[in-house]
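Subject: Handing over a structure, with notes

Dear colleague,

I am passing this structure on to you, and below it you will find my notes on what was found. Please keep the view open while you read.

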Amino acid sequence: MSKTNRQFVLASRPSGYPKESDFNLIEAPVSNPSDGQLLIRTIFLSVDPYMRGRMNNNRGSYAPPVENGQVMTGGIVGEVVQSKNPNFKEGEIVQGNLGWQEYGISNGEELIKVNPDIAPISTALGILGMPGLTAYFGLFDICQPKAEETVLVSGAAGAVGSIVGQLAKIEGCRVVGIAGTDQKINYLLEGLGFDAAFNYKKTENYRHKLKKLVPQGTDVYFDNVGGEITDAVFPNLNLGARIAICGQISQYNLTEPQLGPRLFQYFIVKRIRMQGFLVFDFINRYQEGLQRMTKWLHSDKLKYHETIVEGFENTPTAFINMLKGGNIGKQLVKVSDL
Ligand code: NAP
Ligand code: FER
């Protein structure tokens, strides 16, 4: 008897925040792998901010948009349940981009083997996966922090931001975080050892807050959110400050583009450098990043948190929840047991 594969396909392109009805849950028979292919059962599914961009009809991105009726893209960790590929054995755990579905077929080319003895397999989608590598290369390569400098992180309690702050502490920096709930601020200060943090949703004037909380000024700004928070950071930057534009999540769900204050005059006298980057720019150095991150994880210098929603059918809920700030650390969906 053939098994059923549940999949989420794009039903409509959202305007503003996505809604549950923008996704359709469909059922299809689980496919049989052909020669060279393997069948993977999803255990954890990652929901990430970039997926919001894939729901738009904008071309000219690094990846094409998801079309209506197509399975939503996304990273998963799963178990090889059937293999006709000599490089993979049944029972092995792999990470790959197999989308929002319970079973996926791969030819093995872009799969990464996950060793469950190194860390819990979910970390291959978080601290030891794309978000962790984003934090590592974005901070060390783009921002080049030095000991004693002040590093400011927006989106600080999320998958990327929470790692950026800890890496900056390892480097000997003073670390300040911005996030959207008191629970997140407490996590940053008490759980992760940030030196200062504030809840932007309870702050009237971000600029005044930064002046008070960061009187020494900011040397490195790791930006995950953009918008009004980033506008308020510019006047606080020190001579020679570096900014990494990692993400601009405050803009992803707008229906009209925002026009901010024009503050680039601050960049002139302060000789500020700002650079956007994609984690994929560093693909040739992933092994270096993973080795160092794994060492820090094993020596308790790095901690991580996951917000896990149970059940494949709850994937859109988990995604929308993450976009609205419901997660601490990495937002995952648990699809099946190990
Ligand atoms: P995340 O931070 O775990 O989750 C997203 C968080 O964004 C939410 O929890 C929410 O936290 C915050 N947020 C949502 N709307 C906001 C708004 N209007 N203003 C301020 N904060 C808002 O997600 P992540 O995976 O770590 O990604 C973080 C950022 O990095 C995203 O912008 C993403 O696009 C970017 N990214 C870039 C790359 C790259 O290669 N360049 C790779 C991965 C991720 P609050 O409660 O604090 O609002
Ligand atoms: C992300 C946000 C944006 C991300 C990638 C992008 C890998 C790229 C967007 C584009 O090409 O338009 O979080 O993560």
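Which residues are around ligand 2? In this model, which is predicted, they are Tyr50, Ser61, Tyr62, Tyr252, Leu278 and Phe280. Within this group, Tyr62 has a polar backbone atom that is 3.2 Å from an oxygen atom of ligand 2. On its own, ligand 2 has 360 Å² of accessible area, and the protein covers 67% of that. Sorted by class, the shell around ligand 2 consists of five nonpolar residues and one polar residue, with no charged residues. Domain 1 (4-125 + 305-334) and domain 2 (130-280) each contribute at least three residues to the shell around ligand 2.

Ligand 1 comes next, and here the list of neighbours begins with a count: 26 residues surround ligand 1, the closest being Val160, Lys184, Tyr200, Tyr252 and Asn327. You will recognise Tyr252 from the list given for ligand 2. Two contacts to ligand 1 involve the protein backbone: a backbone N or O atom of Val160 lies 2.8 Å from an oxygen atom of the ligand, and a backbone N or O atom of Cys246 lies 3.0 Å from a nitrogen atom of the ligand. A side chain takes part as well, since a polar side-chain atom of Asn327 lies 2.6 Å from an oxygen atom of ligand 1. Of the 910 Å² of accessible area that ligand 1 has on its own, the protein covers 91%.

As for where this shell comes from, helix H2 (130-143), helix H3 (159-170), helix H7 (249-252) and helix H10 (315-323) each supply at least two of its residues, and H7, with three residues, gives the largest share. By class, the shell around ligand 1 holds 15 nonpolar residues, ten polar ones and one charged one, and at least three of its residues are drawn from each of domain 1 (4-125 + 305-334) and domain 2 (130-280).

Finally, there is a sheet to look at, an open one in which six strands pair in the parallel sense, in the order S10-S9-S8-S11-S12-S13. Strand S10 (196-199) and strand S13 (273-276) stand at its edges and each have a single partner strand, so one side of each is left without a neighbour in the sheet. From one strand to the next, the twist averages 15°. For S10, the pairing with strand S9 (residues 174-179) is parallel and runs over four bridges, and Asn199 in S10 is the bridge partner of Ala179.

With best wishes

Technical notes: Residues are numbered from 1 along each chain as its sequence is written. Chains are lettered from A and ligands numbered from 1 in the order in which they are written. This is a predicted model: local features need pLDDT of at least 70, side-chain atom pairs count only at pLDDT 80 or more; totals for chains, interfaces and linings use all residues. Side-chain values use heavy atoms; hydrogens and water are left out. A residue is near a molecule or strand if one of its heavy atoms lies within 4 Å of it. A polar contact is a pair of N or O atoms within 3.5 Å; within protein, one must be able to donate a hydrogen and the other to accept it, and residues adjacent in sequence count only if both atoms are side-chain atoms. Accessible areas come from the Shrake-Rupley method with a 1.4 Å probe; for residues, only the protein chains shown count as cover. Ala, Val, Leu, Ile, Met, Phe, Trp, Tyr, Cys and Pro count as nonpolar, Asp, Glu, Lys and Arg as charged, and the others, Gly among them, as polar. Domain bounds come from an automatic or database domain assignment. Two strands pair if DSSP finds at least two bridges between them. Axes are lines fitted to C-alpha atoms, for helices over the stretch in contact, and angles run from 0 to 180 degrees between N-to-C directions.
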